[in-house]
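Visitor: Please pick a single part of this model and take me through it slowly, with the cut-offs behind each term. I would like to see how that part sits among its surroundings.

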Amino acid sequence: MSSSTPSSMPSHPAVERVAASLSAHGLEPEIVWFDDAVTTAPLAAAALGVEVGQIANSLVFTLDGEPLLVLTSGAHRVDTEWLGAELGGTIGRASKELVKHATGQVIGGVAPLGHPAPVRTIVDTDLAGYPVVWAAAGHAKTVFPTTFDELVRITGGTPRPVEPAA
């Protein structure tokens, strides 16, 4: 794993907001900084030495024009047409400007929390199959370990599948 040593730990405002939000929820997980960006689930999994399914991708969509954060396992894609129908609306792709406005973070480093205001959140039930999952911590070079249950609790998210059962 190519992470920075604690003595050279970088700092970033979005990561500091995520750390503060985690702390406010009673959590003190280690935020891991990588030397290079890990903007995809396969890159993050390889850097951590874990299964790609353990990566909780934070994807921002729109649901009838409103931001929707979907925390999905890196092992599959969100079926936006199916999920939109399940949620009673239409899911679309969020612009990078909307992602930044809604989360205070940029695509590739969006964390499940630490946003300026609450964002409606769906937590992929496939993540429950892993004892530890890893989520971005507000910057493309950061991740933190957590659990499915903690993700649901700290985000106030709704656990549900993000694709139809096979």
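Guide: What follows starts at one strand and works outwards through its neighbours.

First, some ground rules: this is a predicted model, so to speak of local features a pLDDT of at least 70 is needed, side-chain atom pairs count only at pLDDT 80 or more, and totals for chains, interfaces and linings use all residues. Residues are numbered from 1 along each chain as its sequence is written, and side-chain values use heavy atoms, with hydrogens and water left out.

Our part is strand S5, residues 120-124. Helices (H or I, at least four residues) and strands (E, at least two) are DSSP runs, numbered from the N terminus. Four of the five residues of S5 are buried, so the strand is largely enclosed by the rest of the structure. Here buried means under 20% relative accessible area, exposed means over 50%, and partly exposed lies in between, with a 1.4 Å probe and protein chains only.

Two strands flank the story. Strands count as paired if DSSP finds at least two bridges between them. S5 pairs with strand S3 (residues 66-73) in the parallel sense over four bridges, and Arg120 in S5 is the bridge partner of Leu68. S5 is also joined to strand S8 (residues 158-160), again parallel, by three bridges; there Val123 stands opposite Pro159.

Now zoom in on Asp124, which belongs to S5. Asp124 is buried yet has no salt bridge, and the nearest side chain of opposite charge, that of Arg160, is 9.0 Å away. For the charges, Lys and Arg count as positive and Asp and Glu as negative, while His and the chain ends are not counted. A salt bridge is a side-chain nitrogen of Lys or Arg within 4 Å of a carboxyl oxygen of Asp or Glu.

What does the side chain of Asp124 reach? It reaches the backbone nitrogen of Asp126, at 2.9 Å. This is a polar contact: a pair of N or O atoms within 3.5 Å, where within protein one must be able to donate a hydrogen and the other to accept it, and residues adjacent in sequence count only if both atoms are side-chain atoms. Setting aside neighbours within four places in sequence, Asp124 is in contact (heavy atoms within 4.5 Å) with Leu71, Thr72, Ser73, His76, Phe148, Arg160 and Val162.

Arg160 leads us onwards. The model has one salt bridge by the rule above, and it joins the side chains of Arg160 and Glu86 at 3.1 Å, N to O. The two ends lie in distant parts of the chain, Arg160 in strand S8 and Glu86 in helix H3 (residues 80-87), 74 residues apart. Arg160 counts as buried because its relative accessibility is 18%, whereas Glu86, at 43%, counts as partly exposed.

Helix H3 deserves a look of its own. Leu83, Gly84 and Leu87 are buried in H3. Seen down the axis of H3, the buried residues fall within an arc of 100°, so they line one face of the helix; the arc is that of the directions from the helix axis to the C-beta atoms. An α-helix has 3.6 residues a turn, so residues three or four places apart point the same way. The buried residues of H3 pack against strand S2 (55-63), S3, strand S4 (91-93), S5 and S8, which brings us back to our strand. The face turned away from that buried side carries the exposed residues Glu81 and Ala85. Just after H3, Gly88 takes a positive phi of about 80°.

Leaving S5 in the other direction, the loop between S5 and strand S6 (133-136) holds Gly129. With a relative accessibility of 61%, Gly129 counts as exposed. Its C-alpha atom is separated by 16 Å from that of Arg77, 52 residues away along the chain.

Beyond that loop, S6 pairs with strand S7 in the antiparallel sense over four bridges, with Trp134 opposite Pro145 in S7. In the S6 and S7 hairpin, which has five residues between the strands, Gly138 takes a positive phi near 100°. S7 (residues 142-146) is mostly covered, four of its five residues being buried.

One last stop is Gln54, in the loop between helix H2 (41-48) and S2. Gln54 counts as buried because its relative accessible area is 12%. Its side chain reaches the backbone oxygen of Val132 at 2.9 Å. Not counting residues up to four places away in sequence, Gln54 touches Tyr130, Val132, Val133 and Trp134.
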